[in-house]
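Please read this report with the sequence and the 3D structure open beside the text. It moves from single residues to the chain, and from there to the parts packed inside.

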Amino acid sequence: GDYPTLLGCATLGVSLHTSTSGLDLPMKVLDMFGCQVPVCAIGFDCLDELVKDGVNGRVFEDAGGLADDLFDLLKGYPGEEEAMRRLEMYRRNIRGMTRWKENWEECARHLIVGDWDDRR
């Protein structure tokens with residue numbers, strides 16, 4: 001569809017999602033990671049389960065932090081090699097992340113489904 005194609009055209013994503021419960025993760029970040037787009041995301045309690053600051057994106061606390069991250073990540077882009085290398089490192093780290101299905105099988109399936117699927 002058009003949505004992944006559009007996201008995949010982005011150089012960098014921004015997530016302003018915050019969690020009142022501290023338990024939910026921003027699905028838009030998952031969408032961007034699925035298209036290998038690094039993310040700048042506002043920090044909250046469980047965000048580090050998804051966005052690893054300096055590994056697959058940046059975590060900021062306020063507007064000044066976002067501005068600093070954007071200037072740092074996009075300075076010299078697209079002409080300078082260092083800017084391209086920095087963003088490519090984030091993309092490479094995103095490609096290496098555990099995918100949803102693998103994570104489900106390893107961490108949650110046995111707790112939720114148990115051996116029900118094996119009885120069929």
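A residue is called buried when its relative accessible area is under 20%, exposed when this area is over 50%, and partly exposed in between. Glu 105 has a relative accessibility of 40%, and therefore it counts as partly exposed. This residue lies in helix H5, which covers residues 100-112. Glu 105 and Glu 82 are separated by 23 residues in sequence, and the distance in space between their C-alpha atoms is 38 Å. The structure in which these values were computed is a predicted model.

**The chain as a whole**

The protein chain contains 5 helices and 3 strands, and when it is followed from the N terminus, these elements come in the order α-β-α-β-β-α-α-α. Along its principal axes, the C-alpha trace spans about 55 × 30 × 25 Å. Of the 120 residues in the protein chain, 32% are buried. The accessible surface comes to about 7,900 Å², and carbon and sulfur atoms account for 55% of this surface. Among the contacts with a separation of 6 or more, 51% are made by residues that stand 24 or more positions apart. The chain carries 14 positive and 22 negative charges, and the mean positions of these two groups are 6 Å apart.

**Helix H2 and its two faces**

Which residues of helix H2 are buried? In this helix, made of residues 27-34, they are Val 29, Met 32 and Phe 33. Because these residues cover an arc of only 100 degrees around the axis, they are on the same side of H2. The face turned away from this buried side carries the exposed residues Met 27, Lys 28 and Gly 34. The cover over the buried residues of H2 includes helix H1 (2-8), strand E1 (13-15), strand E2 (39-42) and helix H4 (81-95).

**Two nonpolar cores**

The largest nonpolar core has 13 residues, and those with the most contacts inside it are Val 29, Phe 33, Val 39 and Val 51. H2 and E2 each supply at least two residues of this core, and the largest share, 3 residues, comes from H2. Apart from this core lies another one, of 8 residues, which includes Ile 42, Phe 60, Leu 73 and Leu 87.

If neighbours within four places in sequence are left aside, Val 39 is in contact with residues that include Leu 12, Gly 13, Val 29, Met 32, Phe 33 and Val 51. Gly 13, one of these partners of Val 39, has its place in strand E1. With the same kind of neighbours left aside, Gly 13 is in contact with Met 32, Val 37, Pro 38, Val 39 and Cys 40. The C-alpha atoms of Gly 13 and Ala 41 are 8.3 Å apart, although 28 residues separate the two along the chain.

**Burial of single residues**

The table sets three residues side by side, each with its relative accessible area.

| Residue | Relative accessible area | Class |
|---|---|---|
| Gly 13 | 5% | buried |
| Arg 86 | 18% | buried |
| Gln 36 | 27% | partly exposed |

Why does Arg 86 count as buried? The cut-off for burial is under 20% relative accessible area, and Arg 86 counts as buried because its value is 18%. Arg 86 lies in helix H4, and, not counting residues up to four places away in sequence, it touches Arg 58, Asp 72, Leu 73 and Lys 75.

**Two details of the backbone**

Most residues other than glycine have a negative phi, and most peptide bonds are trans. Against this background, two places in the chain can be looked at in turn. Gln 36 is a residue other than glycine, yet its phi is positive, near 60 degrees. Gln 36 follows H2 and is found in the loop between H2 and E2.

What kind of peptide bond joins Tyr 77 and Pro 78? The bond is cis, and its omega is about 5 degrees. Pro 78 lies in the loop between helix H3, residues 63-74, and H4.

Key. Residues are numbered from 1 along each chain as its sequence is written. This is a predicted model: local features need pLDDT of at least 70, side-chain atom pairs count only at pLDDT 80 or more; totals for chains, interfaces and linings use all residues. Side-chain values use heavy atoms; hydrogens and water are left out. Helices (H or I, at least four residues) and strands (E, at least two) are DSSP runs, numbered from the N terminus. Buried means under 20% relative accessible area, exposed over 50%, partly exposed in between (1.4 Å probe, protein chains only). Contact means heavy atoms within 4.5 Å. Accessible areas come from the Shrake-Rupley method with a 1.4 Å probe; for residues, only the protein chains shown count as cover. Lys and Arg count as positive and Asp and Glu as negative; His and the chain ends are not counted. The place of a charge is taken as NZ of Lys, CZ of Arg, CG of Asp or CD of Glu. The arc is that of the directions from the helix axis to the C-beta atoms. A nonpolar core is a set of buried Ala, Val, Leu, Ile, Met, Phe, Trp, Tyr and Cys residues joined through side-chain atoms within 4.5 Å.
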